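User: Could you take a close look at one part of this model for me? I would like the surroundings explained as well, with the cut-offs spelled out.

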Amino acid sequence: MADAYTKLLLHCNGADESTDIPDSSDSDHEITCHGTAELDTAQKWQGTASVLLDGDSDFLTAPNHVDWDFGAGDWTLDIRGRFNALPALDTGVSLFFRWPDTADKSWLVVILNDGGVYKIRFRCSTDGTTEATAIQSDALTLAVDTFYHFAIVRDGNTLRFFHDGVAKGTGDLTGLTLFDSSTEITIGAHSVHTTKFFNGWLDEIRVSNGISR
């Protein structure tokens, strides 16, 4: 159920192989499937389907919008993910991305394999060019073929990580106002859609602005 703080809500329901993924938030953002990204009724956390990403070319985008500008306020990013393949050693896969290679950087979230330990990593910029901070969660226990819930929350000056509802560490965001980028939001890919492709299924994708859930 979408409330006033929900700026993107993708239930990922629909017919098998469909590329029509409506946004159920009041913002009604247009979602574009790239590569061979499509709905798959064989796997879902709930509802009728989830979005299948192949790990080498697939991702979703929604156009630039003020909804993705978090500033210094509270926000929440959460998503259900099922891995077909986990990130290789010392690599990562993108969940949420608003971080071009050169300028106009704002924030991103990846699942990282850090020396054999899986973690959630958050990066942000306050000026659009340089990294203001990079914060990693505590260790996660992950396996293929299992749906997990990942949540990244700004609660005042504190960044909080959650994995299946369990707290997985915090970080300090005191004094940080995230840059208002003019770029789209990407789900499932990174580095202007050429690396860090998610390999598996995503479901119940939500962006909340103005609230720490």
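Is Cys-33 buried or exposed, and what is its relative accessible area?

Analyst: Happy to help! This is a predicted model, in which local features need pLDDT of at least 70 and side-chain atom pairs count only at pLDDT 80 or more, while totals for chains, interfaces and linings use all residues. Residues are numbered from 1 along each chain as its sequence is written, and side-chain values use heavy atoms, with hydrogens and water left out.

Cys-33 is buried, because its relative accessible area is 19% (buried means under 20%, exposed over 50% and partly exposed in between, with a 1.4 Å probe and protein chains only). Cys-12 is buried too, at 2%. The sulfurs of Cys-12 and Cys-33 lie 8.8 Å apart, too far for a bond, although Cys-33 holds the closest cysteine sulfur to Cys-12. Cys-33 is in no disulfide, and the nearest sulfur to its own is that of Cys-12. Indeed, searching the whole structure turns up zero disulfides, where a disulfide is a pair of cysteine sulfur atoms within 2.5 Å.

Now for the sheet. Strands here are DSSP runs of E with at least two residues, and helices are runs of H or I with at least four, both numbered from the N terminus. Two strands pair if DSSP finds at least two bridges between them. Seven strands make an open antiparallel sheet in the order 2-5-14-7-8-9-10. Strand 2 (32-34) and strand 10 (133-136) are at its edges, each with a single partner strand, so one side of each has no neighbour in the sheet. From one strand to the next, the twist averages 20 degrees (axes are lines fitted to C-alpha atoms, for helices over the stretch in contact, and angles run from 0 to 180 degrees between N-to-C directions).

Further along this sheet, strand 7 (residues 92-98) and strand 8 (residues 107-114) run antiparallel, joined by six bridges, and Arg-98 sits opposite Trp-107 of strand 8. Strand 9 (residues 117-124) is joined to strand 10 by four bridges, again antiparallel, with Arg-121 partnered by Gln-136. Gln-136 shares the uncovered face of strand 10 with Ala-134, while Thr-133 and Ile-135 make up the covered face.

Strand 15 (residues 199-209) is mostly covered, with 10 of its 11 residues buried. Its antiparallel pairings include strand 1 (residues 6-10) over four bridges, where Leu-9 is matched with Arg-206. Strand 4 (residues 50-54) also pairs with strand 15 over four antiparallel bridges, and Val-51 has Leu-202 as its partner. Strand 6 (residues 75-83) joins strand 15 through eight antiparallel bridges, one of them placing Leu-77 with Val-207.

Finally, the interior. In soluble globular proteins, nonpolar side chains tend to be buried together. The largest nonpolar core here has 46 residues, and those with the most contacts inside it are Leu-60, Phe-96, Trp-107, Phe-122, Phe-150 and Ile-205. Such a core is a set of buried Ala, Val, Leu, Ile, Met, Phe, Trp, Tyr and Cys residues joined through side-chain atoms within 4.5 Å. Leaving aside neighbours within four places in sequence, Phe-150 is in contact with residues including Leu-77, Phe-83, Leu-95, Ile-111 and Phe-162 (contact means heavy atoms within 4.5 Å). For contrast with the buried cysteines, Gly-165 is exposed at 58%, in the loop between strand 12 (158-163) and strand 13 (166-172).
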